[in-house]
Amino acid sequence: MSKLWIIGDSFTGVSKEKNYWPEILCSKFKGKNYYVSSKSSRDSQTIIDIFLRNLKDINSEDFVILVLPTLARVRVPRIS
């Protein structure tokens, strides 16, 4: 059975509006056969890191959507 993978910034998240595109796609996959990881202001490097972390679980028949923001949005290292 194929699985839906959606990884990206806030445009991939659940919206207050009904029938936002991720919800429509997830409803097409039976049960909870989907994975959605979204967060506002997420940078491209973090999105690719999450994708690579999950790559071992992604099968050839799965449907993967990566939503990448502008490359000007970068990760800033934290200094403790």
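**Entry 1: the nonpolar patch**

I started on the surface of this predicted model and looked up a nonpolar patch of about 460 Å². Its members are Ile48, Leu52, Leu55, Val64, Leu66 and Leu68. I then checked which elements give two or more residues to the patch, and found α2 (44–54) and β3 (63–67).

From the patch I picked out Leu52, which sits in helix α2. Is Leu52 buried, partly exposed or exposed? I noted a relative accessibility of 49%, so Leu52 counts as partly exposed. The cut-off for exposed is over 50%.

**Entry 2: salt bridges, starting with Asp9**

Next I turned to the charged side chains. As a reminder to myself, side chains of opposite charge can pair when their charged atoms come close. How many salt bridges does the structure hold? I have four in my notes.

I looked up Asp9 and found its salt bridge with Arg73, where the closest N and O atoms are 3.4 Å apart. Asp9 belongs to the loop between β1 (4–8) and α1 (21–27), while Arg73 lies in the segment after β3, so this pair ties together parts that are 64 residues apart in sequence.

I also wanted to know how covered each partner is. Asp9 has a relative accessible area of 2% and is therefore buried, since buried means under 20%. Arg73 comes out at 30%, which makes this residue partly exposed.

**Entry 3: Asp43 and Arg75**

The pair I took up after that was Asp43 with Arg75, with 3.9 Å between the closest N and O atoms. Here too I noted a link between distant parts of the chain: Asp43 is in the loop between β2 (34–38) and α2, Arg75 is in the segment after β3, and 32 residues separate them.

For accessibility, I have Asp43 at 7%, so Asp43 counts as buried. Arg75 is at 38% and counts as partly exposed.

Which residues are linked with Arg75 in a network of salt bridges? I found Asp43 and Asp49 there, joined with Arg75.

**Entry 4: Lys56 and Asp57**

My last lookup was the salt bridge between Asp57 and Lys56, in which the closest N and O atoms are 3.3 Å apart. I checked both partners for cover. Asp57 has a relative accessible area of 41%, so I wrote it down as partly exposed. Lys56 reaches 67% relative accessibility and therefore counts as exposed.

**Recap for the next page**

I am keeping two buried aspartates in mind, Asp9 at 2% and Asp43 at 7%. Their arginine partners, Arg73 and Arg75, are down as partly exposed.

Note on methods:
Residues are numbered from 1 along each chain as its sequence is written. This is a predicted model: local features need pLDDT of at least 70, side-chain atom pairs count only at pLDDT 80 or more; totals for chains, interfaces and linings use all residues. Side-chain values use heavy atoms; hydrogens and water are left out. Patches are made of residues with over 30% relative accessible area and no salt bridge: like charges are joined within 9 Å, nonpolar side chains (Val, Leu, Ile, Met, Phe, Trp, Tyr) within 5 Å. Accessible areas come from the Shrake-Rupley method with a 1.4 Å probe; for residues, only the protein chains shown count as cover. A salt bridge is a side-chain nitrogen of Lys or Arg within 4 Å of a carboxyl oxygen of Asp or Glu. Helices (H or I, at least four residues) and strands (E, at least two) are DSSP runs, numbered from the N terminus. Buried means under 20% relative accessible area, exposed over 50%, partly exposed in between (1.4 Å probe, protein chains only).
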